[in-house]
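Colleague: Please take a close look at the interior of this model and set out, residue by residue where possible, how its parts are placed against one another. I would like one connected account, with the criteria behind each term stated as you go.

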Amino acid sequence: MGSEERASTEWYPVRVFLGFPDDKFALIILNQPIIDEELFSDLWLIALTRVAADGGANRIHDLNQTSILPGDYKNLDTIIGDLDSLSDEARTFFSSGSAKCTIIHDPDQYSTDFTKAVRFVRRSLPGENIMCLGGLGGRVDQGLSQLHHLYLFQTSPTYADGKMFFLSGESLSFLLKTGKHRIHVREPDTTAYGKIRVSPDPFAKYVGIIPIKEPSVITTKGLEWDVKDWPTEFGGQMSTSNHVLPETDVIEVETTKDVIFTIALKPAKGGS
C-alpha cells in the first residue's frame with residue numbers, strides 16, 4: 001500500500017470515555033433521543049464543555065424530567081442554532097435560576113445547527129476532541145449529513161484540529177484518514193473510577209469500515225475476517241459486521257483513502 005512509511009495514528013476511544021487528561025473532549029448534543037442515560041451521564045460529567053445544537057437542548061430538558069439518576073443536567077453551557085426547534089420550556093429551563101447557559105441565535109440558513117455547534121467549539125477550544133451524541137439516528141438524510149460532517153471538519157491528515165467521534169445508542173464511529181491506524185479497543189490495565197456505564201472494555205464485537213466518500217484499499221489486523229490490500233467501495237465489497245477477536249486489544253487498519261470506522265457498544269446490561 002505504498003512504499004512511504006508513515007507513523008500510525010493511535011486511537012484511544014476507551015480513554016476518551018474515561019476522561020483521561022490527554023483525551024478530553026467537548027460534548028455536542030444533537031436533536032436525537034438520548035437512549036442510554038447512564039452513558040450520557042458519564043460523558044456529561046467529564047466533558048470540557050456541553051453544547052446543544054438547537055433542539056438538542058429539548059432532549060436534555062426532557063431527560064431532566066424523567067432522569068433515573070441523582071442530580072440533573074441543568075449545567076448546559078451553550079445552545080446554538082437558528083433556534084427554530086428550541087422549545088419554550090427548554091429555553092426557560094436553561095436560562096433561569098441556577099442555570100448559566102449561553103443561548104446563541106445563528107440565523108445562517110446555509111449551515112446546519114450541527115455545523116454551527118462544531119464551529120463554535122473549534123473557536124472556543126481549538127485542537128480539542130469533539131464527542132457528538134445522537135449521531136446516525138433518526139432520518140436517513142440527517143444520518144448521512146452527520147457522516148458528511150466527519151469529513152467536512154477533519155481535513156488535516158494529522159487531526160490537527162482535534163478528532164471527532166459520533167456516539168449513537170449502539171455504536172461509536174470516527175473517520176480514519178489515509179494511512180495507518182491503531183485503534184485500542186480494550187484497556188485492561190485501566191480503571192473506570194466513578195463511572196456508571198463506562199468500563200475499560202466498553203465495546204462489543206461488531207466492526208465496520210465504510211468507504212463513504214470514495215473507493216479505498218484497506219488492510220486490517222485483529223479482526224475475525226482480516227483483509228490485505230482489499231478494494232472496498234459502495235456498490236462493491238465492504239467490510240461490515242466484522243468481529244473483533246476475543247484476544248484483540250488493538251485493531252490495525254491501513255487505508256488508501258479516508259474511511260469511516262464504526263464499532264458497536266456493549267448493551268447497558270452486558271452483552272457480546
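Modeller: Threonine 49 is a suitable place to enter, as a relative accessible area of 15% makes this residue buried (under 20% is buried, over 50% exposed and anything in between partly exposed, with a 1.4 Å probe and protein chains only). The model is a predicted one, in which local features need pLDDT of at least 70 and side-chain atom pairs count only at pLDDT 80 or more, while totals for chains, interfaces and linings use all residues. Residues are numbered from 1 along each chain as its sequence is written, and side-chain values use heavy atoms, with hydrogens and water left out.

Threonine 49 belongs to the loop between H2 and strand S3 (50–53); helices here are DSSP runs of H or I with at least four residues, strands are runs of E with at least two, and both are numbered from the N terminus. Beyond its neighbours within four places in sequence, threonine 49 is in contact with Phe25, Ala26, Leu27, Asp77 and Leu125, contact meaning heavy atoms within 4.5 Å. The loop between S3 and H3 holds aspartate 54, which counts as buried at 0% relative accessibility. Its phi is positive, about 50°, although aspartate 54 is not a glycine. Most residues other than glycine have a negative phi.

Helix H3 (residues 56–66) contains asparagine 64, a buried residue with a relative accessible area of 16%. Apart from neighbours within four places in sequence, asparagine 64 contacts Asp72, Tyr73, Lys74, Phe93 and Phe94.

The nonpolar interior comes next. A nonpolar core is a set of buried Ala, Val, Leu, Ile, Met, Phe, Trp, Tyr and Cys residues joined through side-chain atoms within 4.5 Å. The largest such core has 54 residues, among which Phe40, Ile60 and Met131 touch the most other members. Helix H2 (residues 37–46) gives the most to this core, with five residues. A second, separate core of 22 residues includes Val51, Phe166, Leu175 and Ile260. In soluble globular proteins, nonpolar side chains tend to be buried together. The contacts of methionine 131, leaving aside neighbours within four places in sequence, are Val16, Phe17, Phe25, Ala26, Leu27, Ile28, Leu43, Phe165, Leu167 and Leu172.

Methionine 164, in strand S7 (residues 164–167), is buried as well, since its relative accessibility is 0%. Its contacts outside the four neighbouring places in sequence include Phe114, Val118, Ile130, Cys132, Phe153 and Phe174, and also the polar or charged residues Arg122, His149 and Gln154.

Phenylalanine 174 leads on to the aromatic groups. The structure holds eleven aromatic pairs, where rings of Phe, Tyr and Trp (its six-membered ring) pair if their centres lie within 6.5 Å, planes under 30 degrees apart being stacked, over 60 edge-to-face and the rest tilted. One of these is the stacked pair of tryptophan 11 and phenylalanine 174, at 4.4 Å centre to centre with 25° between the planes. This pair links distant parts of the chain, with tryptophan 11 in strand S1 (residues 9–11) and phenylalanine 174 in strand S8 (residues 171–176), 163 residues apart. Both residues are buried. Phenylalanine 174 also pairs with phenylalanine 165: the centres are 5.4 Å apart and the planes stand at 65°, so this pair is edge-to-face. Phenylalanine 165 is buried at 3% relative accessibility, and phenylalanine 174 is buried at 0%.

Trp11, Tyr159, Phe165, Phe174 and Phe261 form one aromatic cluster. Within it, tyrosine 159 lies in the loop between helix H6 (140–152) and S7, is buried with a relative accessible area of 8%, and has a positive phi of about 55° although it is not a glycine. The charged end of lysine 163 sits over the ring of tryptophan 11, 4.1 Å from its centre; the criterion is NZ of Lys or CZ of Arg within 6 Å of the ring centre and within 35 degrees of the ring normal. The charged end of lysine 163 also sits over the ring of tyrosine 159, 5.7 Å from that centre.

For the chain as a whole, buried residues make up 52% of the 272 residues. Of the contacts with a separation of 6 or more, 72% join residues 24 or more positions apart.
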